[in-house]
Amino acid sequence: MISPWDRCYTSSCCLCCHVRTGTIILGIWYMLINAVVLLILLSALNDPVQYHYHLTSPELGTDLDVMDDANMCIAAAISLLMILICGMATYGAYKQHAAWIIPFFCYQIFDFALNTLVAISVVVYPNTIQDYLQQLPGTFPYKEDLMSTNNMCLVLAVLLFIGCILAFKAYLIACVWNCYRYVSARSTTEVLVYVTTNDTTVLLPPYEEAVAIPPKDPPPQYVSA
């Protein structure tokens, strides 16, 4: 009887490449994105005058900071942690260490769950899209056109967009999971072969001893007087 996990298992992913290759490419891509974000955040911390943005609130008549220094430090720490997790996944897929892939797989599950909650919130509270559009700055392109669009059409468009993102993320999760299973199965096979080889060596006598010991001569026959 084949389990559902074995039915969904495959060693190939997009573009007919191996799941190890796909996981390595995915890990490097995530590392590059988080490295760029980290550089932008560090530049903003070093030069707050140039990178400090504000949103104007007409109701309050004050300026609201989009991101203060504390939040930027937290975002920089998260980006650094993501670089570490993606580096571990890349190293684990390359060196075939299954345990190094687990943190990146857990991050993918967490990210998928967050996007799913966003889709559920859009369905439950459809008016949040209009509220979000009203908070956008006046220079945002096509803001008036989006505000004049029917709310139901906006909800369907957002759900379709989030659905495509969730489908793509689910595919990437399956790729990393198949890579983890492949590396784990390969490591288990190597251990079994090693144990079998050692057992065979212990049970069988050494070849040199078998050749070096000559066979014993039969005892002489007894002759009566």
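The following is a chat about the predicted model shown above.

User: Before we start, what kind of model is this, and how are residues numbered?
Analyst: This is a predicted model, in which local features need pLDDT of at least 70 and side-chain atom pairs count only at pLDDT 80 or more, while totals for chains, interfaces and linings use all residues. Residues are numbered from 1 along each chain as its sequence is written, and side-chain values use heavy atoms, with hydrogens and water left out.

User: OK, how many helices and strands are there in the chain?
Analyst: The chain has 9 helices and 2 strands, taken as DSSP runs numbered from the N terminus, with helices being H or I over at least four residues and strands E over at least two. Along the sequence the pattern is α-α-α-β-β-α-α-α-α-α-α.

User: And how much of the chain counts as buried?
Analyst: Of its 225 residues, 24% count as buried, where buried means under 20% relative accessible area, exposed means over 50% and partly exposed lies in between, using a 1.4 Å probe and protein chains only. As for contacts, meaning heavy atoms within 4.5 Å, 67% of those between residues at least 6 apart in sequence join residues at least 24 apart.

User: Which residues does the UniProt "transmembrane region" annotation cover?
Analyst: The unreviewed UniProt entry gives that annotation to residues 21-45, 74-94, 101-125 and 154-177; the positions are in the numbering used here, feature names are shortened, and annotations may be inferred rather than shown by experiment. In the model, residues 21-45 are 100% helix and 0% strand, with the end C-alpha atoms 36 Å apart, and residues 101-125 are 92% helix and 0% strand, with their end C-alpha atoms 36 Å apart.

User: Switching to rings, how many aromatic pairs does the structure hold?
Analyst: It holds 6 aromatic pairs, counted when the ring centres of Phe, Tyr or Trp (its six-membered ring) lie within 6.5 Å, with planes under 30 degrees apart called stacked, over 60 edge-to-face and the rest tilted. In the pair of Phe-105 and Trp-177 the centres are 5.4 Å apart and the planes stand at 35°, so this pair is tilted. Phe-105 belongs to helix α5 (residues 102-124) and Trp-177 to helix α8 (residues 151-203), so the pair ties together parts that are 72 residues apart in sequence.

User: Is that Trp-177 buried or exposed, or something in between?
Analyst: Trp-177 counts as partly exposed, because its relative accessibility is 26%. Elsewhere, ring pairs link Tyr-30, Phe-104 and Tyr-107 into a cluster.

User: Which residues line the largest cavity?
Analyst: The lining consists of Tyr-30, Tyr-107, Gln-108, Asp-111, Lys-169, Leu-172 and Ile-173, so Tyr-30 and Tyr-107 of the ring cluster also appear in the lining list. Helices α5 and α8 each supply at least two of the lining residues.

User: What about its volume?
Analyst: The volume is about 50 Å³, and a search of the whole structure finds 1 cavity of 30 Å³ or more. On a 1 Å grid over the protein atoms alone, a cavity is a set of points where a 1.4 Å probe fits but cannot get out, and lining residues have an atom within 4 Å of a point; points are joined across faces, edges and corners, and the volume is the space filled by probe spheres set on them.

User: Now α4, what is Thr-90 in contact with?
Analyst: Thr-90, in helix α4 (residues 69-95), is in contact with Ile-24, Gly-27, Ile-28 and Met-31, leaving aside its neighbours within four places in sequence. Thr-90 counts as buried, because its relative accessibility is 12%.

User: And Asn-34, where does that lie?
Analyst: Asn-34 lies in helix α2 (residues 19-46) and is buried, with a relative accessible area of 13%. Beyond its neighbours within four places in sequence, Asn-34 is in contact with Ser-79, Met-82 and Ile-83.

User: Last one, what is the phi of Gln-96?
Analyst: Gln-96 has a positive phi of about 60° although it is not a glycine, and its place is in the loop between α4 and α5. Most residues other than glycine have a negative phi. Gln-96 counts as buried, at 18% relative accessibility.

Methods:
1 Å grid on protein atoms, 1.4 Å probe; cavity = no way out; pocket = protein on both sides within 12 Å on 5 of 7 lines; lining within 4 Å.
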